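Biologist: Before we discuss this model, I should like each term to be justified by the criterion behind it. May we proceed in that manner?

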Amino acid sequence: MLIDGYDSLRAVVNTTCLFLCFRASLFCCAIWIGLSACDASSPSAAPLSGSFEQRVAANQSDQGTLKQRQAAFLIRIRKADPERRTIERAVFNDRNDLGLILNRGVELDKIPALMRSMLTQMARAFPGQDLTVLAYSPSNPPRKIGTAQFNALTRDMTYTPAPRGS
């Protein structure tokens, strides 16, 4: 019986060691691949800094086009509702979340459909991005009515009404 217990313990230890060695080798491979991709062994930084500068310039260009797309989207909203019967004010924050201050005449049960419509239009204007639309009442200060979110990966849209009294 003692030998059977020793053999089973040795089997558990061997399996554990094998599993840990496998994980360690995966970790080392990931590090090696990452360093190879960065060319970290190269002492000259000139090509690396050039590509870094190109990435920074491209990112700034993307931000410029993001601001342009946001402005174009806001113009579309204003053109669709010039008399502000539904949306009194629309703004984007720095995370590309759209905030809508709704007109007092908008019925609460119509807000989820409005938010889904906004998310559908935003998904066309900002493809491949997770999106959020926040609805507010026209009070002073504005009170959040609800939040709609779009998951770009799953294409799921959700609407969550704000808790009453917040």
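Modeller: We may begin with the largest pocket of this predicted model, which has a volume of about 300 Å³. Its lining comprises 17 residues, and those closest to its centre are Leu108, Ile111, Arg143, Ile145 and Arg164.

Biologist: What makes a residue one that lines the largest pocket, and which elements give two or more residues to this lining?

Modeller: A lining residue must have an atom within 4 Å of a pocket point. The elements giving two or more residues to the lining are α3 (111–125), β4 (144–151) and β5 (156–161).

Biologist: How do the residues of that lining divide into nonpolar, polar and charged?

Modeller: The lining of the largest pocket holds 12 nonpolar, 2 polar and 3 charged residues. Arginine counts as charged, therefore Arg143 and Arg164, which are among the residues closest to the centre, belong to the charged class.

Biologist: What is the volume of the second largest pocket, and which element gives the largest share of its lining?

Modeller: The second largest pocket has a volume of about 170 Å³. Its lining includes Phe73, Arg76, Ile77, Leu114 and Met118. The largest share, 4 residues, comes from α2, and the lining divides into 6 nonpolar, 2 polar and 2 charged residues.

Biologist: What makes a set of residues a nonpolar core?

Modeller: The members must be buried residues of nonpolar types, joined through side-chain atoms within 4.5 Å. The largest such core has 28 residues, of which Phe73, Ile77, Leu98, Leu100, Leu102, Met118 and Val133 touch the most other members. α3 gives the most to this core, with 8 residues.

Biologist: Which residues does Phe73 touch, not counting residues up to four places away in sequence?

Modeller: On that basis, Phe73 touches Phe92, Leu98, Met118, Gln121, Met122, Ala125 and Phe126.

Biologist: How do you know that the span of α3 agrees with the expected one?

Modeller: At 1.5 Å a residue, the 15 residues of α3 should span 21 Å; the C-alpha atoms at its ends are 21 Å apart, so the two values agree.

Biologist: Why are residues of α3 such as Met115, Met118 and Met122 called buried?

Modeller: The term requires under 20% relative accessible area. Met115, Met118 and Met122 are among the buried residues of α3, as are Ile111, Leu114 and Leu119. An α-helix has 3.6 residues a turn, so residues three or four places apart point the same way. Of the 166 residues of the protein, 25% count as buried.

Definitions and conventions: Residues numbered from 1 in each chain as written. Predicted model: local features only at pLDDT ≥ 70, side-chain atom pairs only at ≥ 80, totals over all residues. Heavy atoms only, no water. 1 Å grid on protein atoms, 1.4 Å probe; cavity = no way out; pocket = protein on both sides within 12 Å on 5 of 7 lines; lining within 4 Å. Points joined across faces, edges and corners; volume = space filled by probe spheres on them. Buried < 20%, exposed > 50% of the residue type's maximum accessible area, 1.4 Å probe, protein only. Contact = heavy atoms within 4.5 Å. Expected span 1.5 Å × (residues − 1).
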